[in-house]
Structure formats: C-alpha cells, structure tokens
Amino acid sequence: MTQTAIILPVFAQVALTFVVLIAMATRRRNAFMTGTVKIKDIALGQNAWPDDATKAANNFKNQFETPVLFYTACAFALITKSVDYWMLGLAWIYVASRIGHAVVQLGANVVLQRFRVYLVGLVALLAMWILLFG
C-alpha cells in the first residue's frame, strides 16, 4: 500500500466541490436569465433564489463543513504514514457518501434519505479519526 493513495479520495472530494460550485453557478445564472431573480432581489443577501439554486448553494456550503475534518484526517494519515487499507477504504466511503449526499440534495432533497447518506459518511469520518488516534 502506497501512502500517497490517500490523495485520490482527496482529489475526488475536491472535484465534487467544483462540480457543486458549477451546478450552483449554472442554476443562479439560469435564474437571472429567466428573470426569476433580479440583482436588487439578492443585493443585500436576501434569499430570493429559486429552490434549485438554493439547494445547490446549501450543498456548496456543506462542502466546507465535515470535509474540513476529512482533509485534515487524510493529511495526518499521510504525514504519520498511517495509510492502510482501512484508512483508504474509509476515505472512499466518506467521499462516496458526500457524492450521494450531493445527488440527493441537488435532486429531490428527501431529508431522511439525505440524513442517512450523511450519517454513513460521518461514521466513516469518525472511524478515520479513531484509526489515527489508535
């Protein structure tokens, strides 16, 4: 097992963040182009965006919450040479859950389904930190 293998799920998480950013920008642009939102409607931070743009913006914010702990755990695993099959597997589970979370939130946004996917990632992230401490 090469220690640098942990970088691949990190790149996947970063790619997800950019995909969500593009989705948010596209949805906001469409809101302007269709006239659904005017500059004055959002100039002071008013929440006048349509639901699809709001879902994307909320998911983009989510990419800077628990992923910060994920990036830190991966960096520590790399630095301390703690990358093994368990750590790598948990990292991929975490990223897969983040992708699933984004798909649910950007789509139908079924809260219970989104929570379940989020919980899987949270447990994987917690396990990564436990492995680091162990």
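Phe 70, Tyr 71 and Tyr 94 form one aromatic cluster in the structure described here, which is a predicted model. This cluster belongs to a wider set, since a search of the whole structure finds 6 aromatic pairs. Within the cluster, the rings of Phe 70 and Tyr 71 have centres 5.9 Å apart and planes at 55°, so this pair is classed as tilted. The two partners differ in their exposure: Phe 70 has a relative accessibility of 0% and counts as buried, whereas Tyr 71, with a relative accessible area of 25%, is partly exposed. A tilted pair is also formed by Trp 129 and Phe 133, with 6.2 Å from centre to centre and 40° between the planes. These two residues are 4 residues apart in helix 6, which covers residues 111-133, and they are therefore separated by about one helical turn. In general, an α-helix has 3.6 residues a turn, so residues three or four places apart point the same way. The accessibilities of this pair nevertheless fall in separate classes, for Trp 129 counts as buried at 18% relative accessibility, while Phe 133 counts as exposed at 71%.

The setting of these pairs is a chain whose secondary structure comes to 6 helices and 0 strands, so that the order of elements from the N terminus on reads α-α-α-α-α-α. The C-alpha trace spans about 55 × 30 × 20 Å along its principal axes. Of the 134 residues of the chain, 37% count as buried. Among the contacts with a separation of 6 or more, 79% are accounted for by residues 24 or more positions apart.

The packing of helix 1 can be followed through two of its partners. The axes of helix 1 and helix 4 come within 10 Å and cross at roughly 160°, and because of this angle the two helices are roughly antiparallel. Their crossing is left-handed. On the side of helix 1, the residues that take part are Ile 7, Pro 9, Val 10, Gln 13, Val 14 and Thr 17, and these meet Pro 67, Phe 70, Tyr 71, Cys 74 and Leu 78 in helix 4. Phe 70 and Tyr 71, named above as members of the aromatic cluster, are thus also among the residues of helix 4 that meet helix 1.

Helix 1 also packs against helix 3, at an angle of about 155° and with the axes 8 Å apart, which means that helix 1 is roughly antiparallel to helix 3. Here, too, the crossing is left-handed. Thr 17, Val 20, Leu 21, Ala 23, Met 24, Arg 27 and Arg 28 of helix 1 make the contact with Asp 52, Ala 53, Lys 55, Ala 56, Ala 57, Asn 59 and Phe 60 of helix 3. Thr 17 is listed both in the contact with helix 4 and in the contact with helix 3.

Helix 3 itself comprises residues 51-62, a total of 12 residues, and reaches 16 Å from its first C-alpha to its last, close to the 16 Å expected at 1.5 Å a residue. Its buried residues are Ala 53, Thr 54, Lys 55, Ala 56, Ala 57, Asn 59, Phe 60 and Asn 62. The cover over these buried residues includes helix 1 (7-33), helix 4 (66-79) and helix 5 (85-106). Helix 5 also holds Ser 97, a residue that counts as buried at 5% relative accessibility. When residues up to four places away in sequence are not counted, Ser 97 touches Val 117, Val 120 and Gly 121.

Some residues in the loops also deserve a description. Most residues other than glycine have a negative phi. Lys 81, however, is a residue other than glycine with a positive phi, near 55°; Lys 81 is placed in the loop between helix 4 and helix 5 and counts as exposed at 63% relative accessibility. Asn 109 likewise has a positive phi, of about 60°, although it is not a glycine. Asn 109 lies in the loop between helix 5 and helix 6 and is partly exposed, with a relative accessible area of 24%. In the loop between helix 1 and helix 2 (39-42) is Lys 38, which is partly exposed with a relative accessible area of 44%. Lys 38 and Leu 125 are 87 residues apart in sequence, and in space their C-alpha atoms are 40 Å apart.

Conventions. Residues are numbered from 1 along each chain as its sequence is written. This is a predicted model: local features need pLDDT of at least 70, side-chain atom pairs count only at pLDDT 80 or more; totals for chains, interfaces and linings use all residues. Side-chain values use heavy atoms; hydrogens and water are left out. The expected span of a helix is 1.5 Å times one less than its number of residues. Buried means under 20% relative accessible area, exposed over 50%, partly exposed in between (1.4 Å probe, protein chains only). Contact means heavy atoms within 4.5 Å. Rings of Phe, Tyr and Trp (its six-membered ring) pair if their centres lie within 6.5 Å; planes under 30 degrees apart count as stacked, over 60 as edge-to-face and the rest as tilted. Axes are lines fitted to C-alpha atoms, for helices over the stretch in contact, and angles run from 0 to 180 degrees between N-to-C directions. Angles under 35 degrees count as roughly parallel, over 145 as roughly antiparallel, 65 to 115 as roughly perpendicular and the rest as oblique. A crossing is left-handed if the near helix is turned anticlockwise from the far one by less than a right angle, and right-handed if clockwise.
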